[in-house]
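Here are my notes for your first look at this model. Keep the structure open and follow the points in order.

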Amino acid sequence: MTSRVTFVSPAMNASLRQARFDDGGSIDAGGAVRARALAASLPAAVSVVTSPSVRCRETAAALGLDAVEATGTRELAGLDVGRWRGLTLGEVGADEPKAVARWLADPASAPHGGESVEDLCGRVTRWLETLQDTGGGGGGRTLAVVEPEVVRAVVVHVLGAPSAAFWRVDVPPLTATTISGRNGRWNLRLGDPLDVAEPR
């Protein structure tokens, strides 16, 4: 049975607008309005999950989705950046330039005390494997409102790219990335804007 997953990135909030590591803030008023306006453009789904962050759960609610966090797991959580949470990359770079350079160059590095890009890619891959093993949660499409870095990890996995390619993927707010496949092989459809309805 073919599994289909559409990953939706969260609506704009202050952290996204300021290129700041997520600090748990809510989506802004404009982001909420846009999400509500785009709700009708989402494809039908048999199951909906979200990253556990405030902005993803609020985006799912604004899109009119009855979403739950991935059951009993943290596979869809955003990248844990440890002590850098709430800071901009510029602020961290000014204080810890060598650590930032190492982090951006080495996917196995986690100088912030959180998790590495490799760790994130690994747990997202495990979630995808579980999803295919169960036929996409009973068949049909899964909608997942997730952090941009989760979408990056999905793209890296589906393309069989090295973890270092993670930073080469841009994920704008409120865009959809869809994968479909069976027997461990996925196909990728990138970056559909949600104001253009996808064929159901």
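**Notes on the predicted model**

1. Start with the aromatic rings. A search of the whole structure turns up six aromatic pairs. One of them joins Phe21 and Trp103. Their ring centres are 5.7 Å apart, and the planes meet at 70°. That makes the pair edge-to-face, because an angle over 60 degrees counts as such. Remember that this is a predicted model, so treat every value as computed from it.

2. Now place the two partners. Phe21 lies in the loop between helix 1 (14-17) and helix 2 (29-38). Trp103 belongs to helix 5 (residues 97-105). The two parts are 82 residues apart in sequence, so the pair ties them together. Are Phe21 and Trp103 buried or exposed? Both are buried.

3. Look beyond the pair. Phe21 and Trp103 belong to one aromatic cluster with Trp84, Phe166 and Trp167. Phe166 also has a charged partner: the charged end of Arg152 sits over its ring, 5.6 Å from the centre.

4. Turn to helix 5. Here Ala99, Val100 and Trp103 are buried. Seen down the helix axis, the buried residues fall within an arc of 95°, so they line one face. The general rule is worth learning: an α-helix has 3.6 residues a turn, so residues three or four places apart point the same way.

5. Check both sides of helix 5. Its buried residues pack against helix 4 (89-95). The face turned away from the buried side carries Pro97, Lys98 and Ala105, which are exposed.

6. Next, the largest pocket. Its volume is about 810 Å³. How many residues line the largest pocket? The lining has 35 residues, and Arg20, Phe21, Asp22, Arg55 and Glu149 lie nearest the centre. So Phe21 appears twice in these notes: in the aromatic cluster and in the pocket lining.

7. Which helices help to line the largest pocket? Helix 1, helix 5 and helix 8 (148-159) each supply at least two residues. Helix 8 gives the largest share, three residues.

8. Finally, inspect two backbone angles. Ala19 has a positive phi of about 50°, although it is not a glycine. Ala19 sits in the loop between helix 1 and helix 2. At 56% relative accessibility, Ala19 counts as exposed.

9. Leu174 also has a positive phi of about 50°, and it is not a glycine. Leu174 is found in the loop between helix 8 and strand 5 (175-182). Its relative accessibility is 2%, so Leu174 counts as buried.

Key: Residues are numbered from 1 along each chain as its sequence is written. This is a predicted model: local features need pLDDT of at least 70, side-chain atom pairs count only at pLDDT 80 or more; totals for chains, interfaces and linings use all residues. Side-chain values use heavy atoms; hydrogens and water are left out. Rings of Phe, Tyr and Trp (its six-membered ring) pair if their centres lie within 6.5 Å; planes under 30 degrees apart count as stacked, over 60 as edge-to-face and the rest as tilted. Helices (H or I, at least four residues) and strands (E, at least two) are DSSP runs, numbered from the N terminus. Buried means under 20% relative accessible area, exposed over 50%, partly exposed in between (1.4 Å probe, protein chains only). A charge sits over a ring if NZ of Lys or CZ of Arg is within 6 Å of the ring centre and within 35 degrees of the ring normal. The arc is that of the directions from the helix axis to the C-beta atoms. Contact means heavy atoms within 4.5 Å. On a 1 Å grid over the protein atoms alone, a cavity is a set of points where a 1.4 Å probe fits but cannot get out, and a pocket is an open set with protein on both sides within 12 Å along at least five of seven lines; lining residues have an atom within 4 Å of a point. Grid points are joined across faces, edges and corners, and a volume is the space filled by probe spheres set on the points.
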